[in-house]
Amino acid sequence: MISHQPGLLEIRGLHTEIPARGRIVRPARGLDLTLYRNECLGVAGESGCGKTMLLLSIIRLLPRRAAITAGSIIFEEKDLVGLSASEMRAVRGRRIAMAFQEPMTALNPVLSIGSQVMESIRLHRRLTRHHAKRRAVELLADLRIPDPERRLDQYPHELSGGMRQRVMLATSIASKPSIILADEPTSSLDVTVQAQIIRLLSALQKQYQISLVFVSHDLALLSQLCHRIAIMYLGRIVEVGTAEEIVTHPRHPYTRALLECIPPLPGERPTRDTAEAKGKLFREVAGELPGPADAIPGCQFHPRCPIAIDRCGIDNPSLHRPTQTHQVACLLAS
Ligand code: SF4
């Protein structure tokens with residue numbers, strides 16, 4: 001069982017702050033999360049809840065002026081928060097890699113695919129050009145890229161979106177990292193290609209024994225790919241459990257609301273047979289997500305929570321563990 005293993009990455013009490021126009025934006029507000037070895041961990045939540053900033057905090061690629069103001073990120077017995085810039089460069093890309101949402105922002109348009117994949121390989125391993133080229137061909141083949149030798153001479157604009165995404169994943173795994181942080185890497189692809197990339201990621205995660213953090217607003221997609229799912233709301237994890245626990249026995253009202261937003265599959269009947277259910281209910285959680293600079297007393301979800309009681313406006317619940325694999329931060333969840 002995953003929860004008996006020591007964590008590969010342990011985030012405790014993480015606070016990240018960004019000064020913006022006289023206010024302090026807080027994308028992480030005391031966030032706790034553990035990633036285990038060889039697992040795929042999904043992180044779900046609405047846009048603006050801090051998912052991308054969580055990944056950028058881990059890899060210390062925060063925007064200018066942003067800072068981690070409290071907490072720790074323990075990886076391989078080191079606290080990444082305290083590493084110098086040069087120590088962090090040795091971790092970033094080599095031990096922890098990032099796969100971005102839009103491959104064109106990660107790939108250099110004026111360099112051939114071969115140069116970019118070989119550069120990633122040689123950045124982290126001392127190989128001759130000949131051996132690096134051979135490894136690049138193997139990597140592209142692992143990524144199910146047809147005719148990999150010919151692809152080495154092509155440029156990113158000559159490839160389809162799905163192929164570019166595969167090349168970017170090849171550059172991410174080139175150094176055999178322990179962890180890949182994937183920020184909605186399939187959101188810009190059409191549904192068929194998205195499904196291919198998800199299957200590929202799942203196979204690569206096992207083949208290369210990588211731990212994967214996969215961020216998405218799409219709970220249905222995460223439930224297919226991930227061993228566990230963490231639900232993030234306003235800079236904190238409010239529920240985490242196995243994919244099955246989260247989908248079939250959600251304990252936090254926010255998780256339940258997110259699940260209600262999953263559109264029914266074609267031919268499937270909506271769970272609530274009302275005009276509202278067929279429209280808005282399946283697309284957004286009721287109420288507005290507060291701004292990341294807003295200070296909310298008590299439980300951060302209480303202004304939107306359908307079952308809030310008076311105490312919810314005063315006490316901010318911490319994660320507690322109703323079962324060995326399930327954690328939830330709600331005063332009323334048992
Ligand atoms: Fe809702 Fe209260 Fe639970 Fe927060 S603590 S999720 S407001 S019931």
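Two strands pair if DSSP finds at least two bridges between them. I kept that rule at hand while reading this predicted model.

**Entry 1: strand 10 and its partners**

I began with strand 10 and strand 12 (residues 326-328). They pair in the antiparallel sense over 2 bridges. Which residue stands opposite E239? I found V328 there, in strand 12.

I then turned to strand 9 (residues 228-233). Strand 9 and strand 10 also pair in the antiparallel sense, over 6 bridges. In this pairing A230 stands opposite V240 of strand 10. I looked at the hairpin that strand 9 and strand 10 make. It has 2 residues between the strands, and L234 takes a positive phi near 50°.

Is strand 10 enclosed or open? I checked residues 236-242: 6 of the 7 are buried, so strand 10 is largely enclosed by the rest of the structure.

**Entry 2: V240**

I picked one residue of strand 10, V240. Buried or exposed? V240 has a relative accessible area of 2%. The cut-off for buried is under 20%. V240 is therefore buried.

Next I listed what V240 touches, leaving aside neighbours within four places in sequence. The contacts are R228, I229, A230, I246, T325, H326 and Q327. A230 is also the residue that stands opposite V240.

I took one distance as well. V240 and Q116 are 124 residues apart in sequence, and their C-alpha atoms are 37 Å apart in space.

**Entry 3: cavities**

I searched the whole structure for enclosed space. The search gave 5 cavities of 30 Å³ or more. The largest has a volume of about 80 Å³. It is lined by 13 residues, and P253, C299, C305, C312 and C330 are the closest to its centre. What classes make up this lining? I noted 11 nonpolar residues, 2 polar and no charged.

The second largest cavity has a volume of about 70 Å³. Its lining includes R236 and V238, along with Y233, H252 and C299. Q300, F301, N316, P317 and A329 also line this cavity. I sorted the lining of the second largest cavity into 6 nonpolar, 3 polar and 1 charged.

**Entry 4: an open sheet**

I moved on to another set of strands. Here 4 strands form an open sheet in the order 2-1-4-5, with antiparallel pairing. Which are the edge strands? They are strand 2 (23-36) and strand 5 (78-79), and each pairs on one side only.

I followed the end of the sheet at strand 5. Strand 4 (residues 67-75) and strand 5 run antiparallel, joined by 2 bridges. F75 stands opposite K78 in strand 5. Helix 1 (residues 51-58) packs on the sheet and touches strand 1 (7-20), strand 2 and strand 4. I noted the angle too: the direction of helix 1 makes about 110° with that of strand 1.

**Entry 5: the second largest pocket**

My last look was at an open space. The second largest pocket holds about 510 Å³. It is lined by 20 residues, and G93, A106, S120, L123 and T171 lie nearest its centre.

Which elements supply at least two residues of this lining? I found strand 6 (96-99), helix 4 (113-124) and helix 7 (161-173). Helix 4 gives the most, with 5 residues. By class, I noted 10 nonpolar residues, 8 polar and 2 charged in the lining of this pocket.

Definitions and conventions: Residues numbered from 1 in each chain as written. Predicted model: local features only at pLDDT ≥ 70, side-chain atom pairs only at ≥ 80, totals over all residues. Heavy atoms only, no water. 1 Å grid on protein atoms, 1.4 Å probe; cavity = no way out; pocket = protein on both sides within 12 Å on 5 of 7 lines; lining within 4 Å. Points joined across faces, edges and corners; volume = space filled by probe spheres on them. Nonpolar A, V, L, I, M, F, W, Y, C, P; charged D, E, K, R; others polar. Buried < 20%, exposed > 50% of the residue type's maximum accessible area, 1.4 Å probe, protein only. Contact = heavy atoms within 4.5 Å. Axes fitted to C-alpha atoms, helices over the stretch in contact; angles between N-to-C directions.
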